[in-house]
Structure formats: structure tokens, C-alpha cells
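Please open the structure in a viewer and keep the selection panel at hand. The stops below are arranged so that each selection leads to the next.

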Amino acid sequence: MTIETTKETLGFESEVNQLLHLVINSMYSNREIFLRELISNSADAADKLRFAALTDDGLFEGDTELKITVDFSEKLKTITVRDNGIGMSREEAVEHLGTIAKSGTKEFFGSLSGDAQQDSQLIGQFGVGFYAAYIVADKVVVTSRRAGRSEDEGVRWESDGQGEFTVESVKRKKRGTEVVLHLKDDAAEFANGYRLRDVVKRYSDHIATQIEMPKEGEGETGYEAVNTATALWTRNKKDISDDEYKAFYKHIAHDFEDPASWIHTKSEGKLEYTTVFFIPSRAPFDLFDRQARHGVKLYVQRVFIMDDADQLLPNYLRFVRGIVDSNDLPLNVSREILQHNKAIDSIRAGSIKKILSAIEAIAKGDEYGAFWKNFGRVLKEGVVEDPSNQKQLVKLLRFVTTISEGDDAEVSIEDYVDRMIEGQESIYYLTAETLPTARHSPHLEVFREKNIEVLLLCDPVDEWVTTHLSDFEGKPLKSILHGELDLPGGKPKEDAEDVDEDKSEDHEELVGRIKNVLGDTVKDVRSTARLTTSPACLVSDDTDMSANLERILKASGQELPDSKRILEVNPTHPLVKHMDLESEESKFANWAHILFEQALLAEGGKLDDPAAFVNRMNDMLLKIS
Ligand code: ADP
């Protein structure tokens, strides 16, 4: 392999160009965050070196005092952020500073609106990292050498942020990275000691690696520490201010916004560990990306071990950010070891409990609506994924129901149970593709009439939740699209005199005739009392999957045989009565087909042959007129 030594000019990946354009054009209001982002990268680089040196202490090259230096020149209008962390090779500089390797990138670019103010909020959520330098600089020069490599393997990376960058190999004695920002004229004010110290104090005080700046004052030379440089979580809770927690969150989560809440706990006893968990105020872009990274960092005895420690929390808590610092794990712990480790199992179980309790606390307040909008769908996965905490999780779920107002999910299962009518044994629910389809479903007619509340479930994940949740405190969950109904309070009240008689019979002859016409298209035909205003609806057998689940599975590419449904007809409906009197078999057949097809349409289903349906309808309409 030949190592490239000459100077190359390369183009940024197109997403980087887009991001740079956004950074330059829409991040005026909060410019000083550039420093937090660069210091955060340097702190990560120090953490990575400490970790790598656990197995190869030669990487320290005799210099174990890791630090970050923030320097500036008022005259040259430059700011320099320097670290002696892990550093970058030439290939790494090209890769890391020329492309975006982040899950959620596609979603992020897809969500941009073109409106600078709106988009700047989204970039904040996405996190711009290194590229934040271009908020204040019109030229950035990065010089770096990877720890452990020879002095000849340094790299110099330079770009004005306008589509291209150059890289060349340089000699570099010191390991680590130096980022020099050549400030734009309107950002020259930042090349000032007081200004920079203030920004460092505000945003980066919690950084566990020492940050140094030139001493202030006449005739002073040399550098001095400007941050506390102790890991935040090792400090006493009551000595940590809210602002410090918020700043720490922004560093570990790469989020620009404040977290919604946090929990900081120390466990002592058999296992000693500290956790700080944050609940973000907004969902990250990659919340539903299967490759999405988890947000918990693992430390062992204050040494950073790994990002994205997915064994520490279950998948359904992937939106939680934070750190776990354990005293009981070996320093050389690997992802494989984490998978079969008793200490990790108990840390995980303890952490879940803490987080669920924190969510319970949020659920008591007004902010729960916002939480639920962001993370509700993910939390629902927990009902399936985590049977041991199912009971606690179910209470945290919120639903739209036939009684709740508006489209926000606000009803808890406990609210529902409190409102159950006399004699009601089950919790009823209906799944559908969309809320309007659910709300207008003919299956709800009898429930409305009897004033029985029904949960309206329209997330794909609801289908799994309901198959894994058989009951709540002894009250079975029952789909109103399945099986025969056995509702409290007898049959629905009927107004017309002739209806009584109609409902008391099974209408065998009519049902038999419809069955004859529809044949294999349906599993069965029967008369029903569940409808009041619709002529017919489709239901599934108790053991069959719902039509909605079948649709979801088919949409995800699974091959499934078409399951047959049961057609239930409302013998009191004028259309059905009219049909019953129809003696001409071909006309009756048309009615029967239309009845079936209408029922399918009403639940949001798709007709196999829509044109035939239209022809049939037109035929009938012409006969009426
Ligand atoms: P992020 O930090 O979110 O991964 P950035 O754009 O800030 O994204 O940085 C991209 C990558 O560049 C980092 O993940 C890291 O690998 C590398 N990098 C940036 N700054 C440094 C640094 N000071 N030392 C070593 N590597 C760095």
C-alpha cells in the first residue's frame, strides 16, 4: 500500500455542503456554541486516548497529562483549540471531516423547510459538531497526528467551507489535534480572552479533561486551568447546578436544546455505580432508524469505555441519553463481555426502574403531552419487549378514545377503567390505519349507543402491543373487530317497532342467500346487533389476525395468504330489508357484493376489483332513478 503524501483537493460529500450552507446561513443567533462543539470533540478525543491506552500505554508517548488548550490572537483574528488526544490520520481526517457518518442524516435533510429560522432549530437537533466552526470562521485549518504514529504521519486539512478541502501530509511532533479558526470580520470579537473564558465557563465547565487558556493580566505569561475538570457525576448532587447538568447533557447528547429532565443516582452496596440519565425535550432524527445509536456512554472507574453501550438499556428506552460509571466492571470490558455480565444485568434492571419512575413523575404533570408525542410510540414497544416491567409501562401509555376530545392521546388505561360502565368486563379497542378511519368505523356504532368507551389504536406498533397485552388488572383487552360481541346492558335499545322482531331472529334465509352469492370471498355471513346505522361490517375470527395487521405485514413485504373475514349484516337497515325482498337473484347478487365491498371500504380496506364495484353501483343507481 502506498501512502499518499502529496497535497490533494477533495470535494465534500454533498450532505456536508448542505449542512455547511445551513450553518453559515442560519446560525447567527447562537454563534458562541462553536467553541462548545470543538471542545466537546477534543474531550472525546482525550477519552478515546485514555481508553486505547488501557491496552497500549505507549500511545501516551510519555505524556499522560491530557488537556485541551484554547488560544487566540486578537491581531491575527484567530482562535485555536488544541488537544493531545487520540488525533487523526490522514485517512481519518478525510473521512471524518469530509463526510457525515451519522444515522438520521437522511431524515434530517428530508425534514428541512428552506426557512432559515425553522431549519436552524432542526440543525440544533441534528448537531453540527465540527462544522460549527464555520459559524464564525471563513477558513479552518486542522493539523493532527494519530497517537502512536510516526512524526511523518501528520496531516494538515484546510477548507474555507465552500465545497472543497485540501489535505496534505505534514511532519508533526505532537500527537493530537489543533483546530485554527480564521474568524470572519463580524466574528472578530471572539478573539478575546474574557469573551472566550466566559463561553468556556458557561458551556464547558463540566468537561472532565482540563481546559487551559492564556493567563490574563499585564505581563502574565503561560497558561492556567479555566474549568473544574472533574467528572460531573462524581460530584455531590446538591453542588451541581441545573445549568451544569444542561451543559453536560449537550456535550454527551450532541443536542443544542436543554433536556426535559434528568436523574442522577449513586448506587452503593453490592454493586457500586453512578448513573446520570437525561430525557431529551425532542425526539432525535433517528428514533425509528433500526441502526440508530443508543445514547448511553459507559465509564469504568471514571475512564470512558464506549459510546452507544446498547446493553445498558433496552431498545425502547433508546431515546434516553446519559452515562453509567461502574466500579465493578473490568477496565478491558468489551461489547461481548457486556452481553453476559451479571453486573451489567443488574445495572440495567436498576436503570430501567429509575427511568420509568422519572417518566411516571413527568406523567403527573402537564408536560407529559409533549413527552408522549415525542416518545410515546417508542415506549409502547416496551410493552412487548419488557414483560417484567409491563405493568408499570402500561400505566404510562396514553390513548385516543371514542370519548376523548381531539386527536391527542390523553387517556390512560386507568382513566378508561374508571369510566367503564356497569357490567362492563373488558377493555375494548379498535385498530385502524388512520384515526379518521377508526372514528368512522361502523364497528363503533353499538358502543356509542351504549356509551362504552373504545380505545382507537392507529400506530402500527399497536398491533403488537395488543397481542402482547392480554389484560390490565384482570380486565381482558378485547378487539371490537374480532369475534362476536358480548356487551353489557343487553342488546342496544331499538326505536322502530318492527325492529325488535327483526333482531330476535337469525335471519337464516337472508344470511343463507348472501353466503351463496359471496361463496369463498368470506369466511361466514351472520346477522348482527352491533350496527345501528350501517348496513354491514366485516369482523375477524377470534384467532385470525386483524385486517390492519395483515395490511402492515404485507406492506413490509411479507407474503401472506388472504385471510377471509366474516360479513355481519344489520337486518334492520333499510337497504338490507330491501334486499331481503328482492326476488330476482341477479339483482340480489349485486346487492350482496355491494354490501361486502362497502364494508371493506368503510374500514379503509382495498377492493380487489374497484371497477367492478363502480359498475355495480352505477347499475343499481340507474335502476332506482
Ligand atoms: P461527531 O463529534 O458528532 O462525531 P463531528 O463533526 O464533530 O461529529 O466530528 C466528526 C469526527 O471527526 C469525530 O467523530 C471524530 O472522529 C473526528 N474529530 C473531530 N474533532 C476531533 C479531535 N479534536 N480529535 C480527534 N478526532 C476528531
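Begin by selecting domain 1 and domain 2 in this predicted model: 30 residues of domain 1 are in contact with 22 residues of domain 2. To colour the two sides, use residues 7-230 for domain 1 and 235-363 for domain 2, as given by the domain assignment of the chain. The same assignment lists domain 3, made up of two segments, 499-540 and 557-624. Between domain 1 and domain 2 the C-alpha centres are 25 Å apart.

Next, display the surface where these two domains meet. Domain 1 and domain 2 bury about 2300 Å² between them, and carbon and sulfur atoms account for 58% of that area. Now select S103, Q125 and H206: these residues supply 26% of the area that domain 1 buries against domain 2, more than any other three residues.

For the polar side of this interface, show side chains as sticks. The rule finds one salt bridge across the interface of domain 1 and domain 2, and three residue pairs in polar contact are found there as well. The elements that give two or more residues to the side of domain 1 that touches domain 2 are α2 (33-55), α4 (105-111), α5 (116-126) and α7 (193-204). Of that side, α2 provides the largest share, with 11 residues. Then select D44 and K297, whose side chains form a salt bridge with an N to O distance of 3.9 Å.

The tour now turns to the nonpolar interior. Which residues have the most contacts inside the largest nonpolar core? Select L298, L317, F319, I359 and L379, which hold that position in a core of 72 residues. Helix α10 (residues 342-363) contributes the largest share of this core, 10 residues. Centre the view on L317 and show its surroundings: leaving out residues up to four places away in sequence, L317 touches I352, I355, I359 and L379. A second core, separate from this one, has 57 residues; select V23, I39, M88 and F109, which are among them.

For the last stop, move to helix α21 (residues 585-602) and select N590, which lies within this helix. Is N590 buried or exposed? Its relative accessibility is 14%, so N590 counts as buried, the cut-off for buried being under 20%. To see what surrounds N590, add R616, D619 and M620 to the selection; N590 is in contact with these residues, its neighbours within four places in sequence being left aside.

How values were computed: Residues numbered from 1 in each chain as written. Predicted model: local features only at pLDDT ≥ 70, side-chain atom pairs only at ≥ 80, totals over all residues. Heavy atoms only, no water. Core = buried A, V, L, I, M, F, W, Y, C linked by side-chain atoms within 4.5 Å. Buried < 20%, exposed > 50% of the residue type's maximum accessible area, 1.4 Å probe, protein only. Helix = DSSP H or I, 4+ residues; strand = E, 2+ residues; numbered from the N terminus. Contact = heavy atoms within 4.5 Å. Domains from an automatic or database assignment. Buried area = accessible area lost by both parts, 1.4 Å probe. Salt bridge = Lys/Arg side-chain N within 4 Å of Asp/Glu carboxyl O. Polar contact = N/O pair within 3.5 Å; in protein donor to acceptor, adjacent residues only side chain to side chain.
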